[in-house]
Amino acid sequence: MGLFSELIDRKFRNMAERRYRDILEEYREFFLSEEEMVIPEINSILLVLDRYSEKPEKEVYETISAYPHAEVCVIYTIDETVARLISATLGEEEARKFREVEREHGEKLLKEVEASLKEFGFAVKPRLLFGDKGEVVINREDKYDLFVVSRKYGGETSKTSPVSPLVIKIVQHVEKPIMVY
């Protein structure tokens, strides 16, 4: 912990030193090491969207604008599992309609987000994908330095859970920095 522990040592020298050391030892896992306090280099950002996601607010764009040279990939994911269930229960025609409505909504949202990101000077790669929403993010962990995810990504939130279960799963599995808005 280096510098910070030295400052605390000097400040509280001879004042409950034993108690301070006990607390420091017991809560060591909650204190950041000097390596953890270094801001990671961000060269690529993945922003994922779906039908439940909120459109990113201006604050989200302002926050990621701290990395002006980062390339931003915006992915709108359409849940292929839902399309297969619709196909199996209501028929292929209804599944086709679902895919088309989702594609139109996704393309519209991608254009809006792309325009907002370009206002902040980002190079943007918009993509529309069919697949498993969780796997789309988790499988791209090695390709991106920062992940930006709506708290509603993958499903609606509730009064008891302000974050969707899929976002919790993503946060648990991805070791890179994640911004949940």
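**Salt bridges, cores and a surface patch**

Colleague: Let's start with E80: is it buried or exposed?
Modeller: Keep in mind that this is a predicted model. The relative accessible area of E80 comes out at 18%. The cut-off for buried is under 20%, so E80 counts as buried.

Colleague: Which residue forms a salt bridge with E80?
Modeller: Look for a side chain whose N sits 2.9 Å from an O of E80, taking the closest atoms. That partner lies in helix α5 while E80 lies in helix α4, so the pair ties together parts that are 19 residues apart in sequence. The partner is buried too, at 19% relative accessible area. It's R99.

Colleague: How many salt bridges does a search of the whole structure find?
Modeller: R99 with E80 is one such pair, and K97 with E94 is another, at 3.5 Å from N to O. Searching the whole structure gives a total of 14.

Colleague: How far apart in helix α5 are K97 and E94?
Modeller: Both ends of this bridge are partly exposed: K97 has a relative accessible area of 39%, and E94 has 33%. They share helix α5, with about one turn between them, and that spacing is three residues.

Colleague: K118 and E114 form a salt bridge as well, so which of the two counts as buried?
Modeller: Their closest N and O atoms are 3.2 Å apart, and being four residues apart in helix α5 puts about one helical turn between them. K118 has 48% relative accessibility, so that end is partly exposed. The other end has 18%, and since buried means under 20%, the buried one is E114.

Colleague: Which residues are joined into one network by salt bridges that share partners?
Modeller: Here the bridges link up through common partners instead of standing as a lone pair. The members of that network are E54, R151 and K152.

Colleague: On to the inside: which element gives the largest share of the largest nonpolar core?
Modeller: That core has 26 residues, and I45, L49, I64, V74, V113, L117 and V148 have the most contacts inside it. Elements giving two or more residues include β1, α3, β2, α4 and β4. The largest share is six residues, and it comes from α5.

Colleague: And how many residues are in the other core?
Modeller: This one lies apart from the 26-residue core. C73, Y153, V167 and V174 are among its members. Its residue count is 16.

Colleague: Which residues does P162 touch, leaving out those up to four places away in sequence?
Modeller: P162 sits in the loop between β4 and α7. Its C-alpha is 31 Å from that of K97, a residue 65 places off along the chain. With the sequence neighbours set aside, its contacts are R151 and T157.

Colleague: Last one: what accessible area do I23, Y27, F30 and F31 have together?
Modeller: These four form a nonpolar patch on the surface. One of them, F31, is in the loop between α2 and β1, and F31 is partly exposed, with a relative accessible area of 36%. Together the four have about 410 Å².

Key: Residues are numbered from 1 along each chain as its sequence is written. This is a predicted model: local features need pLDDT of at least 70, side-chain atom pairs count only at pLDDT 80 or more; totals for chains, interfaces and linings use all residues. Side-chain values use heavy atoms; hydrogens and water are left out. Patches are made of residues with over 30% relative accessible area and no salt bridge: like charges are joined within 9 Å, nonpolar side chains (Val, Leu, Ile, Met, Phe, Trp, Tyr) within 5 Å. Accessible areas come from the Shrake-Rupley method with a 1.4 Å probe; for residues, only the protein chains shown count as cover. Buried means under 20% relative accessible area, exposed over 50%, partly exposed in between (1.4 Å probe, protein chains only). A nonpolar core is a set of buried Ala, Val, Leu, Ile, Met, Phe, Trp, Tyr and Cys residues joined through side-chain atoms within 4.5 Å. Contact means heavy atoms within 4.5 Å.
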